[in-house]
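Subject: Structure handover

Hi,

Here is the structure I promised to pass on. My notes follow below it, with the cut-offs spelled out so you can rerun anything you like.

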Amino acid sequence: MFSFFKKKSAPPATPASSEAPAADTVSSAELIPDTSLPPEIPSEAAVAPTTPAPLKKMSWTERLKAGLSKTRDKLGKSLAGLFGGGKIDEDLYDELETVLLTADMGVDATLHLLKDVRERVSLKGLKDATELKGALKDSLNGLIGPLEQPLDVAGRKPYVIMMAGVNGAGKTTSIGKLAKYFQSQGKSVLLAAGDTFRAAAREQLIAWGERNNVTVITQLGGDSAAVCFDAIKAAQARGIDIVLADTAGRLPTQLHLMEEIKKVKRVIQKALPEAPHEVMLVLDANIGQNAINQVKVFDEALGLTGLILTKLDGTAKGGVIAAIAKQNPVPLRFIGVGEGIDDLRPFSARDYVDALFD
Ligand SMILES: Nc1nc2c(ncn2[C@@H]2O[C@H](COP(=O)(O)OP(=O)(O)O)[C@@H](O)[C@H]2O)c(=O)[nH]1
Ligand SMILES: [Mg+2]
C-alpha cells in the first residue's frame, strides 16, 4: 500500500543541464498513491513468487545444484570421462584444458587452473586420474574464492545500491529479489525507479513495491538521476536502511548512455556524498566471455564495487565466474539461479564448486 509515484507537477528539478538538483525536490513534489496500474504486467511476473511449488520446497543448495545443472552436465560429463581412471598424463591435461574452455572459463583462467592443478598433483604425488577431481576443485576454489565478499550494509543509513547493466540482464528482477532478501533481515528498503526510459520498467517496480509494502520513488517521464536523488532524500527523511536504485539498460558501446549513468552516480553523490555505497553490475551468465568486457567497461565508467550474475540456471556457461576471477576480480555479491523470489543468494565459492562437481 505504500507505493507512490510522483506526479509530474514540478519542473524537473535537475541534473540534465546543471547536475544540481533542487534541494526541495521531494518536499515540493506531490506524492500520490498510484492507482493507475494495469491489472497485469507481464514483466512483473519476474519478481513475483511464481516459482512452481516443488521448486519452492527445495533448499538453496538443491536449487543451486539444479540451477547449475546445465553447466554441470557439460563440465561434469566431460570430467567424469577424464576422472574415470587411468594415469595422469599429458593427454589428460590436454583434455582437461578443452573441457575448461568449453565451460566458458576463458583462456587465462584455464591456463591458471591447469598450472595450479599440475602443481597440486606433483606436490601430493598424485598418479591416478580419479584423484584429479579433488585437485581441480581445490584449484577452482582458490581461484574464485576471493570473489566471495558478501555485501555488508551495516553502519550506513541509507545504504545506497546503484544497479547497472545491459537490457534484460536482470537488474529490475534482482532489485525485487534483493528488496525481499534485505527485508527478511529486518531492513527497511526503498526503491528508486531509475529506469526512466521504459514505462514497463517503472510499472514493474511499482507493482512489485505495492505487493511487498515497499515505497517506490518514481517520476513520470523523469530523469534517472533526479529519481535517484529524490529517493535518497526520501530515504533520509523516513529513516530507511537501504535504497536500491534501478537504471536503464545500456550497452558498453553506447557512449552517450555510459555518460548518462556516470551522471546518475554523480548526482547520487550530491544527495549523499558517501553514496553510492555499492555500484553493482548485473550480468546475464548466458553472455559467457562477453561478461569480461562488460565488467571492464562499466568498471572504468563507474568504479564497480560488486557484481550480480543472473540466469546461471539457463546456461552452460557457469564457468564464466572463473574468467571474471582471473581477469577482472570484482566481488561477486549475488548469483541468480531462477526467476523465483528466493533464487538470488549471496555467492559462496565452495557451494558453487560443490554444486558443479558433486
Ligand atoms: N531464469 C532466470 N531468469 C532470470 C533471472 N534473473 C532475471 N531473469 C529474467 O530475465 C528477464 C529480464 O529481467 P529484468 O530484471 O527485467 O532485466 P533488466 O532489463 O536488467 O531490468 C526477466 O524475464 C527475468 O525474469 C535468473 O536468475 N534466472
Ligand atoms: Mg529493468
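Helix α9 is followed by N213, a residue with a positive phi, near 55°. Before going on, please note that this is a predicted model, in which local features need pLDDT of at least 70 and side-chain atom pairs count only at pLDDT 80 or more, while totals for chains, interfaces and linings use all residues. Residues are numbered from 1 along each chain as its sequence is written, and chains are lettered from A and ligands numbered from 1 in the order in which they are written.

Helices (H or I, at least four residues) and strands (E, at least two) are DSSP runs, numbered from the N terminus. The length of α9 (residues 199–211) checks out: its 13 residues should span 18 Å at 1.5 Å a residue (times one less than the number of residues), and the end C-alpha atoms are indeed 18 Å apart. Much of this helix is buried, namely A201, R202, E203, Q204, L205, I206, A207, W208 and G209. Here, buried means that 20 or more other C-beta atoms lie within 10 Å of the residue's own, against 12 or fewer for exposed and partly exposed in between, with C-beta atoms placed from the backbone.

Strand β4 (residues 189–192) is covered on both faces, with V189 and L191 buried on one side and L190 and A192 on the other. Strands count as paired if DSSP finds at least two bridges between them. β4 runs parallel to β6 (residues 242–245) over 4 bridges, and L191 has L244 as its bridge partner there. With β5 (residues 215–217), β4 pairs in the parallel sense over 3 bridges, where the partner of L191 is V216.

β4, α9 and β5 form a right-handed β-α-β unit: with the strands pointing away from the viewer, the path from the first strand over the helix to the second runs clockwise.

These strands belong to an open sheet of 8 strands with mixed pairing, in the order β5-β4-β6-β3-β7-β8-β9-β10. Its edge strands, β5 and β10 (344–346), each pair on one side only.

For the whole chain, I count 14 helices and 10 strands. Of its 358 residues, 47% are buried. Among contacts (C-beta atoms, placed from the backbone, within 7 Å) with a separation of 6 or more, 80% join residues 24 or more positions apart.

Happy to talk it through whenever suits you.

Best wishes

Definitions and conventions: Contact = placed C-beta atoms within 7 Å.
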